[in-house]
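User: I'm new to this one and would like a close look at a single part of it. Could you pick one piece and walk me through how it sits in the rest?

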Amino acid sequence: MQETGDMKKRIEMVSTKSQKLSIRKKCDLLNVPRSNLYYQPVPEKPENVKMMNIMDRHLLKHPKEGVESMVNFLKEKRMSSRSKENKESV
């Protein structure tokens, strides 16, 4: 089945107050995953945004450097790319 229209518009069509069809049936007819009706994105943590911005600036200045260079750069800046769980196990 070919999808027509913008996903947001199709989700709005599912969300209307009409009770003649179940949400499941509306989603099937409009080819909308039901999870899209309920999903709410979680904003990125401020410390992650800060790290991503630092990494972006570094990559713009040094576009040919690889992962190892980035890890070393972050270590020099005293930032770690490891998760909290990994830090505790070291």
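Analyst: Let's take helix 4. At 1.5 Å a residue, its 16 residues should span 22 Å, and the end C-alpha atoms are 23 Å apart, so the two figures agree. Keep in mind that this is a predicted model.

Now, which residues of helix 4 are buried? They are Met51, Ile54 and His58. Looking down the axis of helix 4, you'd find these buried residues within an arc of 60°, so they line one face of the helix. Turn to the other side of helix 4 and you meet Pro46 and Leu60, which are exposed. For scale, buried here means under 20% relative accessible area, while exposed means over 50%.

What lies over that buried face? The cover on the buried residues of helix 4 includes helix 5. That pairing comes back when you look at the largest nonpolar core, a set of six residues: Met51, Ile54, Met70, Phe73, Leu74 and Met79. Two elements, helix 4 (46–61) and helix 5 (67–76), each give two or more residues to this core. Helix 5 gives the most, with three residues. Met51 and Ile54 are worth a second glance, as they appear both among the buried residues of helix 4 and in the core.

Stepping back, how many helices and strands does the protein have? There are six helices and zero strands, so to speak an α-α-α-α-α-α pattern when you read along the sequence. Of the 90 residues in the protein, 14% are buried. The protein exposes about 8,200 Å², and carbon and sulfur atoms supply 54% of that area. As for contacts with a separation of 6 or more, 24% of them are between residues 24 or more positions apart.

One last stop, away from helix 4: Asn31, in the loop between helix 2 (23–30) and helix 3 (35–38). Asn31 has a positive phi of about 55°, although it is not a glycine. Most residues other than glycine have a negative phi. Asn31 is also partly exposed, with a relative accessible area of 30%.

Notes: Residues are numbered from 1 along each chain as its sequence is written. This is a predicted model: local features need pLDDT of at least 70, side-chain atom pairs count only at pLDDT 80 or more; totals for chains, interfaces and linings use all residues. Side-chain values use heavy atoms; hydrogens and water are left out. A nonpolar core is a set of buried Ala, Val, Leu, Ile, Met, Phe, Trp, Tyr and Cys residues joined through side-chain atoms within 4.5 Å. Buried means under 20% relative accessible area, exposed over 50%, partly exposed in between (1.4 Å probe, protein chains only). Helices (H or I, at least four residues) and strands (E, at least two) are DSSP runs, numbered from the N terminus. The expected span of a helix is 1.5 Å times one less than its number of residues. The arc is that of the directions from the helix axis to the C-beta atoms. Contact means heavy atoms within 4.5 Å. Accessible areas come from the Shrake-Rupley method with a 1.4 Å probe; for residues, only the protein chains shown count as cover.
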